[in-house]
Amino acid sequence: MMQKDGCGACHAVDKKIVGPAYQDVAAKYKGDAGALAKLSQKVKTGGAGVWGPVPMPPNPQVADGDIKALVSWILTLKK
Ligand code: HEC
């Protein structure tokens, strides 16, 4: 799903590409109960400033259900 939705062009599980490694995202939001909602919103509409100056473009083509599934999966990737 991650490849199909184009996320893999900028993200990998264990290393930074254009965007942060998903393991680092999981570590950052560990214990944050609002993370799923917050990150789902951000993946859909894009945003910048959390990990550096490079923005993530919006991903409006990705279905809401897919985004939720992706973010839930990302949040399980603790090191
Ligand atoms: C064109 C490159 C690009 C694509 C495509 C992309 N991202 Fe990102 N992503 C980034 C960048 C750059 C950041 C860091 C933004 C920041 O610093 O706030 C980021 C940040 C994130 C974050 C952390 C947000 C935060 O506020 O901490 C998540 C989660 C994420 N991306 C998931 C995804 C998912 C899921 C997809 C596919 C639907 C995706 N990204 C597609 C570049 C991309």
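Here a trainee and a mentor talk through a predicted model of one chain and its ligand.

Trainee: Let's start with the fold. In what order do the elements of the chain run from the N terminus on?

Mentor: Start by counting: the chain has three helices and zero strands. The helices are H1 (22-28), H2 (35-45) and H3 (64-75). From the N terminus on, then, the order reads α-α-α.

Trainee: And what is the radius of gyration of the chain?

Mentor: For a feel of the dimensions, the C-alpha atoms fill a box of roughly 30 × 25 × 20 Å along the principal axes. For 79 residues the globule rule gives 12 Å, and the chain comes close to that, so it is as compact as a globular protein of that length. Its own radius of gyration is 11 Å.

Trainee: Now the ligand. Which space does the ligand take?

Mentor: Look at the pocket with a volume of about 620 Å³. His 11 and Met 56 are among the residues nearest the centre of that pocket, and both are also among those that come nearest the ligand. The space the ligand takes is the largest pocket.

Trainee: What kind of residue makes up most of the lining there: nonpolar, polar or charged?

Mentor: The lining has 31 residues, with Gly 19, Pro 20 and Lys 42 among those nearest the centre. Helices H1, H2 and H3 each supply at least two residues of it. Split by type, there are four charged, seven polar and 20 nonpolar, so to speak for the majority: nonpolar.

Trainee: Which helix gives the largest share of the shell around the ligand?

Mentor: The shell has 25 residues, and Cys 7, Cys 10 and Tyr 29 are among the nearest. H1 and H2 each supply at least two residues of the shell. The largest share is three residues, and it comes from H2.

Trainee: How many residues of that shell are charged?

Mentor: Go through the types in turn. The shell has 17 nonpolar residues and seven polar ones. That leaves the charged group, which counts one.

Trainee: Last one: which residue has a polar backbone atom 2.6 Å from an oxygen atom of the ligand?

Mentor: Two other polar contacts go through side chains, and we can set those aside. In His 11, a side-chain N or O atom is 2.7 Å from a nitrogen atom of the ligand, while in Lys 42 a side-chain N or O atom is 2.6 Å from a ligand oxygen. The backbone contact, at 2.6 Å from a ligand oxygen, belongs to Trp 51.

How values were computed: Residues numbered from 1 in each chain as written. Predicted model: local features only at pLDDT ≥ 70, side-chain atom pairs only at ≥ 80, totals over all residues. Heavy atoms only, no water. 1 Å grid on protein atoms, 1.4 Å probe; cavity = no way out; pocket = protein on both sides within 12 Å on 5 of 7 lines; lining within 4 Å. Points joined across faces, edges and corners; volume = space filled by probe spheres on them. Helix = DSSP H or I, 4+ residues; strand = E, 2+ residues; numbered from the N terminus. Near = heavy atom within 4 Å. Polar contact = N/O pair within 3.5 Å; in protein donor to acceptor, adjacent residues only side chain to side chain. Sits in = over half its atoms within 2 Å of the grid points. Rg over C-alpha atoms; globule rule 2.2 N^0.38 Å.
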